[in-house]
Amino acid sequence: MLEMTLDKSKVQEFLRLLGENRRLFAPVKDRMGTKFSEVADPSLVCLDGLNTNLSPKEVVFPQWETLYTFKEDHANEVKLAAQETLLFGARPCDARALGLLDQVFTWEGIDDPYYLRRREKTCVVALACNTPGEACFCTSVGGSPVGEIGADVLAFDLGEQLYLRALTERGEALLKEASTLTEKATEEDKQAVQQAAAEAEKQLQAIPIPKDLAALKESFDAEIWEELGLKCLGCGTCAYVCPTCHCFDITDETKKGVGRRVRNWDSCAFSLFTLHGSGHNPRTTQAARYRQRVLHKFLYCPENFGEAFCVGCGRCITNCPAGLDLRAVLERLSSLAKVT
Ligand code: SF4
Ligand code: SF4
């Protein structure tokens, strides 16, 4: 396992070097905080913020993309080749979420080439969280502020320097490419990392997570959904900021016989989400739609993929305009089902 350190004064040079032959995505400041953007100038990269408002899932699963273009009865496929990409500074919860998205977009042997063309070319350097945020609960859903799942390299902020641990062959190759800028990590560095990791994990709150799937199924008609549905505005923010939400819609945009077929993110919170062509809508109330969001993550995904589709990033909590707090909902569902 390759373990290196990088002096913080060399981070920009490191990114410039690795960005020569790759697209570089990293957190940059915006008027709302920080967000993942394609970066041409590494001096704009900001590693001080914790969770960006939008997760980096956009790098592999953009908010909208053209699947193909057409003119009258002739279709033109879009190029499926993607450029090598470096996703730098994703937090461990977001890196883990990419692993969950991988399962969706390859489910039952059906590969989504639009997703995979980007994902296969993306090298992920995750940055461990020394001080988790107030809304974070990654350890309650099987993650860690220093988790390695989904990342090729795990970085730790050690004050004056970054410690970089290669986790995959791709990560190792990346670190070797920048070896003129790094030093081999010392035993002292490794001890500092262990200490920072233990302190970070201690700071996280433990949330009761309902794990009894049969009991969760029984909550389908519980009154709690009516109450929560009255609060939910159906704005879809929670799905858009969530690193694991993956629902999309496909529409044709045409003008005078020329057009394109596009895929856009969608949200189960929207009233039109389940509207059938017949006019029938099986989820006519916000209560049913809010229930769908929670049960999809904590019941249907565990049934289909063996794990909950929540990495505890807290974005849906900090961004919900109605103040709905998923932690409180999970706690109530746990006590309803009398399981944790
Ligand atoms: S962000 Fe809040 S109000 Fe908006 S759809 Fe989600 S739960 Fe409802
Ligand atoms: S459901 Fe909320 S806390 Fe869980 S991963 Fe999505 S945005 Fe983060």
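The following dialogue examines a predicted protein model through its two domains, one helix and the shell around a ligand.

Trainee: Into which domains is the protein divided, and how far apart do their C-alpha centres lie?

Mentor: The division gives domain 1 at 3–202 and domain 2 at 213–337. Between the C-alpha centres of domain 1 and domain 2, the distance is 26 Å.

Trainee: Which elements give two or more residues to the side of domain 1 that touches domain 2?

Mentor: The contact takes 33 residues from domain 1 and 28 residues from domain 2. By class, the side of domain 1 that touches domain 2 has 16 nonpolar, 11 polar and 6 charged residues. The elements that give two or more residues to this side are β4 (64–71) and α2 (92–104).

Trainee: Why do the buried residues of α4 lie on the same side of the helix?

Mentor: In α4, which spans residues 169–177, the buried residues are G171, L174 and L175. An α-helix has 3.6 residues a turn, so residues three or four places apart point the same way. The buried residues of α4 lie on the same side because the arc they cover around the axis is only 95°.

Trainee: Which residues are exposed on the other side of α4?

Mentor: The buried residues of α4 pack against β1, α1, β7, β8, β9 and β10. On the other side of α4, the exposed residues are E169 and K176.

Trainee: Which residues are the closest to ligand 2?

Mentor: Ligand 2 is surrounded by 13 residues. By class, this shell has 8 nonpolar, 3 polar and 2 charged residues. The closest to ligand 2 are C242, C310, C313, R315 and C316.

Technical notes
Residues numbered from 1 in each chain as written. Chains lettered and ligands numbered in written order. Predicted model: local features only at pLDDT ≥ 70, side-chain atom pairs only at ≥ 80, totals over all residues. Domains from an automatic or database assignment. Contact = placed C-beta atoms within 7 Å. Helix = DSSP H or I, 4+ residues; strand = E, 2+ residues; numbered from the N terminus. Nonpolar A, V, L, I, M, F, W, Y, C, P; charged D, E, K, R; others polar. Buried ≥ 20, exposed ≤ 12 C-beta atoms within 10 Å, placed from the backbone. Arc of directions from axis to C-beta. Near = placed C-beta within 6 Å.
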